[in-house]
Amino acid sequence: PWRITTTCGALDVTFHPTRVHSEKKNLLVVRSEFIQPVGSFVGELRLPGDRRVAIERVAGVTEHQDVVW
């Protein structure tokens, strides 16, 4: 699991990956690595006026890309 927060405290969620799509390519002039986990988020979103929204098993995707050209 990955914990994702904001410095202002508006977002505090945990991402639970269940599957991962990834690709690595080396085309001599371009090299790339792409990782895209799919899973669900659980946590809390804080809105103005001290309103809070519970996030319970919301499906989502995160990604990491590293590209050199």
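Is L28 buried or exposed? At 81% relative accessibility, L28 counts as exposed. This comes from a predicted model, and the same holds for everything described below.

## The turn around L28

L28 makes a good starting point for a tour of the strands. This residue lies in the loop between strand 2 and strand 3. Its phi is positive, at about 70°, although L28 is not a glycine.

The loop belongs to a hairpin: strand 2 and strand 3 are the two arms, with four residues between them. Strand 2 covers residues 11-26 and strand 3 covers residues 31-47. The two run antiparallel, and 15 bridges join them. If you want to find the place where the pairing meets the turn, look at N26, whose bridge partner in strand 3 is R31.

## Strand 3 and its other partners

Strand 3 also pairs with strand 4, which spans residues 51-61. Nine bridges hold this antiparallel pair together in the model. As a landmark, G43 stands opposite I55 in strand 4.

Strand 3 and strand 4 form a hairpin of their own, with three residues between the strands. Here G49 takes a positive phi, near 80°. Then there is strand 5, residues 64-68, which pairs with strand 3 in the antiparallel sense over five bridges. Within that pairing, F34 has Q65 of strand 5 as its bridge partner.

## A second positive phi, at R57

For another backbone angle to inspect, go to R57. This residue is found in strand 4, and its phi is positive at about 50° although R57 is not a glycine. How accessible is R57? Its relative accessibility is 71%, so R57 counts as exposed.

Put side by side, the two residues sit in different settings: L28 is in the loop between strand 2 and strand 3, while R57 is in strand 4. Both are exposed, L28 at 81% and R57 at 71%.

## Salt bridges

How many salt bridges does the structure hold? The count is five, and three of them are described here. One joins E23 to K25, with the closest N and O atoms 4.0 Å apart. E23 has 36% relative accessibility and so counts as partly exposed. K25, at 44%, is partly exposed as well.

Which residues are linked in a network of salt bridges? They are E44, R46, D50 and R52. Within this group, the side chains of E44 and R46 meet at 3.1 Å, N to O. D50 and R52 form a salt bridge too, and their closest N and O atoms are 3.8 Å apart.

The members of the network can be placed by their accessibility. E44 is partly exposed, with a relative accessible area of 25%, and R46 is partly exposed at 39%. R52 also counts as partly exposed, at 47%. D50, with 61% relative accessibility, counts as exposed.

## Where to look in the viewer

To retrace the route, begin at L28 in the loop between strand 2 and strand 3 and follow strand 3 along residues 31-47. Next, visit G49 in the hairpin of strand 3 and strand 4, and stop at R57 in strand 4. Finally, display the side chains of E44, R46, D50 and R52 to view their salt-bridge network.

How values were computed. Residues are numbered from 1 along each chain as its sequence is written. Side-chain values use heavy atoms; hydrogens and water are left out. Buried means under 20% relative accessible area, exposed over 50%, partly exposed in between (1.4 Å probe, protein chains only). Two strands pair if DSSP finds at least two bridges between them.
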